[in-house]
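Please open the structure in a viewer and keep the selection tool at hand. The tour proceeds stop by stop, naming what to select and what is found there.

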Amino acid sequence: IALNSCGSALALMLKAAGVQRDDKVLSNAFTFGAVPSAIEHAGGTAVYVESTSGYVMDVADLELKLKANPDCKYVLVSHMRGKVADMDAIAAACERHEAVLLEDCAHSLGVYWQGTHSGHAGKAAAISSQSYKMLNSGEGGFFLTDDDYMAAAVATMAGAYEGLSTKHITVPPLEAFKGLSNELPNYSLRMSALSAAVIRPQVKTLDERVSIYNARYHKLASALRKRLPGLITIPDVTPGVTMPVHDSLQFNLAPHITESQIDMFLSETHAHGLPVELFGAKSNARNFINWQFAPASDPLPQTAKMLARACDVRLPLLWNDEDFETMANVLVESLEAVLEIN
């Protein structure tokens, strides 16, 4: 189902999954603010699971949170920056605790887990076509599922009234829609025809772009690991990820680098025209301390520690290969200047 944003896809996915007012939804402590916003939009209450230094949901903490919240029957796992956690373990935990598993694949289009595209471990998934994503229409999103009721419910809530459901290219049987247009509200969240027209040609070039991104990433990551030993770590993908998509670079600064030195490093890169961001910045929408609309009820020390040193930089597709050599030089020279390394 094509929608006006991935946030809309997430909110409708939660509603179609059965989330009612104040129902708990377990989700990543490290994700974009749109995820807790969608939980809030659906009427649920977010309960956060710690994230690892590799930016994915901590499976051990998920198990603890499921045990601590036996009334929680929904888990929304977010694949931030295309980093996919151990989905076999997460699916098994959800099955043990009878929780519905849903996936936020906003960042993981093109990423494969155990040979299958991300989004297939759960009952439903949402992807994004917002700016900087693998499909870019400025704003937009998609809801995906094999569940007839969820598909019909999301299509209805998105705006499939008076038989408009039949205009969807992929649609469950008509009987799945029976009575839904009277039972469910119409939130008018359909994707515009203009956004759809922008997206369609990009689908054919997805594999080609993934190949370009990954080749550039591996070359850049290799250079940084070689030139900045002991100063940064670049986490490997989770074992079981058979096809990653690296359209951005994340790295963690070493523990001995101080907070003031981190600020100076970020300022230095920005002065050279390279916008490196810190996930733990007080202005970053991916920092859970900024989600006052859906605050954490318990401390999240592991995630907070990771966010305080996790850096993020885009890898623009339209740059030339040699531009990424310049990017490496800026990152290396900026950190060395701050640490006064000759």
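The stops below begin with one helix and its neighbours and then turn to single residues.

The model is predicted, and local features need pLDDT of at least 70, side-chain atom pairs count only at pLDDT 80 or more, and totals for chains, interfaces and linings use all residues. Residues are numbered from 1 along each chain as its sequence is written, and side-chain values use heavy atoms, with hydrogens and water left out.

**Stop 1: helix 11**

Select residues 321–339, which form helix 11. Helices (H or I, at least four residues) and strands (E, at least two) are DSSP runs, numbered from the N terminus. The end C-alpha atoms of helix 11 are 28 Å apart, which agrees with the 27 Å that its 19 residues should span at 1.5 Å a residue; the expected span is 1.5 Å times one less than the number of residues.

Which residues of helix 11 are buried? They are F324, M327, A328, V330, L331, V332, S334, L335, V338 and L339. Here buried means under 20% relative accessible area, exposed means over 50%, and partly exposed lies in between (1.4 Å probe, protein chains only). To see what covers these buried residues, display elements including helix 8, strand 10 (232–233), strand 12 (248–253), helix 9 (259–271) and strand 14 (310–314). Just after helix 11 comes E340, with a positive phi near 55 degrees.

**Stop 2: helix 8 against helix 11**

Add residues 206–227, helix 8, to the selection. The axes of helix 8 and helix 11 come within 10 Å and cross at roughly 25 degrees. Helix 8 is therefore roughly parallel to helix 11. Axes are lines fitted to C-alpha atoms, for helices over the stretch in contact, and angles run from 0 to 180 degrees between N-to-C directions. Angles under 35 degrees count as roughly parallel, over 145 as roughly antiparallel, 65 to 115 as roughly perpendicular and the rest as oblique.

The crossing of helix 8 with helix 11 is right-handed; a crossing is right-handed if the near helix is turned clockwise from the far one by less than a right angle, and left-handed if anticlockwise. On helix 8, the contact is made by R216, K219, L220, L224 and R227. On helix 11, it is made by D321, F324, E325, M327, A328, N329, L331, V332 and E336. Contact means heavy atoms within 4.5 Å. By class, this contact has 7 nonpolar, 1 polar and 6 charged residues. Ala, Val, Leu, Ile, Met, Phe, Trp, Tyr, Cys and Pro count as nonpolar, Asp, Glu, Lys and Arg as charged, and the others, Gly among them, as polar.

**Stop 3: helix 9 against helix 11**

Keep helix 11 and select helix 9. The axes of helix 9 and helix 11 are 9 Å apart, and the two helices pack at an angle of about 140 degrees. Helix 9 and helix 11 are therefore oblique to each other. Their crossing is right-handed. Helix 9 contributes Q261, M264, F265, E268 and T269 to the contact, and helix 11 contributes V330, L331, S334, L335, V338 and L339. The classes here are 7 nonpolar, 3 polar and 1 charged.

**Stop 4: R81**

Select R81, in the loop between strand 4 (74–78) and helix 4 (87–96). Is R81 buried or exposed? R81 counts as buried, at 5% relative accessibility. Leaving out residues up to four places away in sequence, R81 touches H107, S248, Q250, F279, R286, D312 and R314.

**Stop 5: L66 and L64**

Go next to helix 3 (residues 59–68) and select L66. L66 counts as buried, at 2% relative accessibility. Beyond its neighbours within four places in sequence, L66 is in contact with L26, C72, V75, A93, C94, H97 and A99. L64 is also found in helix 3, but L64 is exposed, with a relative accessible area of 53%.

**Stop 6: D22 and E98**

Most residues other than glycine have a negative phi. D22, in the loop between helix 1 (6–17) and strand 2 (24–28), has a positive phi of about 75 degrees. D22 counts as exposed at 54% relative accessibility. Finally, select E98, in the loop between helix 4 and strand 5 (100–104). E98 has a positive phi of about 55 degrees and counts as exposed at 62% relative accessibility.
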